Structures are given as C-alpha cells and as structure tokens.
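Visitor: I would like a close look at one part of this model, namely its salt bridges. Please take me through them with care, and then set them beside whatever else can be said about their surroundings.

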Amino acid sequence: MSLELSDVPNLGQSPTNSEVIAQHLRNAIVTGQLHEGEPIRQDEVAALFKVSKIPVREALKHLEAEGLVAFQRNRGAVVHSPSEAEIVQVYEVRAMLESNAIRLAVPNMTAATLDKAQRMCDEFAREQDPFRWARLHWEFHSCLYRDAGRDFLLNMIQSINNRTERYLHIQLTRENGRDTADTEHQALVDACRRGDPAEAARMVHEHIMRACSLLQRHLPKPTAE
C-alpha cells in the first residue's frame, strides 16, 4: 500500500473518552464547581458527554487514585473531603519530593530552562483569572523540576499536586498570599540562576510548608453534628 496523506493525526496519542471526562471533572473539582462531599452521578455525567457509563466509571476510578473522588456506600462517587490532618500530610510529602527534585535539577539546568521559568514566573504574577492560577502554578514549578531527569518522580509530584490544586485559591487570596507567592517564586528562580541546589531545595520546602500553614488557618471548620 502506497497511500500517503498529510497532516494525519496520531490517533494512538489521542486522549480516551475516560481521560477527557476525568480532565473535565478534575477541573470542576479544582475550581470549586463541584464541592467537597458533593455526589457525582454517573448517569448524569454519561448523558452530558453522550457516552455509556463505562468511561465515566474509569474516569472516576482515576480521580479516586488521585485523591479527588471517594466512593461511599449508598452514595456512590462523591468529591473527596480530606481531613485537615490528611491535607497537612499531603503538603509534607510535597515538600519532601519537590525539594529533592529541584536539588537534582539545579546542576543540570540550562539557560532555556531558566528563561522559561522566568517567563512562567512573570505570567503567573500577572494573571488575574483565578481559574488559570492552578495550571500556571504547576507549569512554573514543574519547569524547575524537569531537568532532574526523574520522570517517575515528576509524575508522582504532579499526582500529589492534583490533590491540593483546589486549595490554591485559598492560599493566594488570604494574608497577602499572592504577593508572598510571587516574591518566593522570583527568589527561587534567582537561586537556580546562581546554581545553588541546597538553597533552592530549602526555598521550595519552606514555600510549600508556609502555604500549608496559611491554609490551615483558613480552612473551613467542620460543622458539629
């Protein structure tokens, strides 16, 4: 067969139905369109995307693995509502993994990486749309970790970040959180430019744990039964 076509899409790399559904549900959870404890009805989601329940179940199982969805008896899938202790533990793990990632990355950072990190830092500082903060925040941090050459570590960090994206708005809109984040992001880029892996690792660890402390002060308190 000698058929030749131009601009043929690689369907093997196209997202599956379940991946598309998972991404939309993830965005709805992160932006607060779906609230903690709110049920996610499979039949309604299937009707919305005009698919069977099979890819919906697959999407919900994927989000369960990310810690965004929980399955409860007699209720089915609901948006996971973690306890304060669980949230703190997630931030502690983030701090350990991300500080190690940047420690490994700094000695290998290229001028292109540093320039991109600066652009992402500036773009995040200028962005006024809260629905874009989570994506820009991840793009900035992940840019600084990629030169570590540890794909498994980066994927693990991204999975853990998915659990905390929904709290980013609280972190940035309380106690001058936005100004603090912008200042710390710029200081982190500067440390990377100096080629100081120990200082960059310390900054990342403190940046994450400071955000955790702020979040603890402003998390909604559970109501008494």
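Guide: A search over the entire structure, which is a predicted model, returns 14 salt bridges. One of them brings together the side chains of E66 and R26, with a distance of 2.7 Å from N to O. This pair connects distant parts of the chain, since R26 belongs to helix α1 (residues 17–30) while E66 sits in the loop between α3 (53–65) and β1 (69–72), and the two are 40 residues apart. Both partners are buried: E66 has a relative accessible area of 7%, and R26 has one of 10%, each of which falls under the 20% that marks a buried residue.

A second salt bridge is that of R94 with E98, whose closest N and O atoms are 2.9 Å apart. Here the partners share an element, because R94 and E98 are four residues apart in helix α4 (residues 84–105) and are therefore separated by about one helical turn. R94 is buried at a relative accessible area of 6%, and E98, at 1% relative accessibility, also counts as buried.

The salt bridge between the side chains of R193 and D115 spans 3.6 Å from N to O. R193 lies in helix α9 and D115 in helix α5 (residues 111–126), so that this pair ties together parts of the chain that are 78 residues apart in sequence. Both residues count as partly exposed, R193 at 42% relative accessibility and D115 at 39%. Beyond such pairs there is also a network, in which salt bridges with shared partners join E184, E199, R202, E206 and R210.

Helix α9, which holds R193, covers residues 177–193 and also contains H185. H185 is buried, with a relative accessible area of 1%, and its side chain makes a polar contact of 3.4 Å with the side chain of H141. Once neighbours within four places in sequence are set aside, the contacts of H185 are C121, F124, H137, F140, H141 and H207.

Returning to the loop that carries E66, one finds that β1 follows at residues 69–72. Strand β1 is joined by four bridges to strand β2 (residues 76–79), and the two strands run antiparallel. Within this pairing F71 stands opposite A77 in β2. The strands form a hairpin with three residues between them, and N74, in the turn, has a positive phi of about 70°.

Helices α1 and α4, already met as the sites of R26 and of the R94 and E98 pair, appear again at the largest pocket, whose volume is about 1100 Å³. Its lining is made up of 41 residues, and the closest of these to the centre of the pocket are I29, V30, E165, R166 and Y167. The elements that give two or more residues to this lining are α1, α4, α6 (130–145), α7 (151–164) and α8 (168–173). Among these elements, α6 gives the most, with seven residues.

Note on methods
Residues are numbered from 1 along each chain as its sequence is written. This is a predicted model: local features need pLDDT of at least 70, side-chain atom pairs count only at pLDDT 80 or more; totals for chains, interfaces and linings use all residues. Side-chain values use heavy atoms; hydrogens and water are left out. Buried means under 20% relative accessible area, exposed over 50%, partly exposed in between (1.4 Å probe, protein chains only). A polar contact is a pair of N or O atoms within 3.5 Å; within protein, one must be able to donate a hydrogen and the other to accept it, and residues adjacent in sequence count only if both atoms are side-chain atoms. Contact means heavy atoms within 4.5 Å. A salt bridge is a side-chain nitrogen of Lys or Arg within 4 Å of a carboxyl oxygen of Asp or Glu. Two strands pair if DSSP finds at least two bridges between them. On a 1 Å grid over the protein atoms alone, a cavity is a set of points where a 1.4 Å probe fits but cannot get out, and a pocket is an open set with protein on both sides within 12 Å along at least five of seven lines; lining residues have an atom within 4 Å of a point. Grid points are joined across faces, edges and corners, and a volume is the space filled by probe spheres set on the points.
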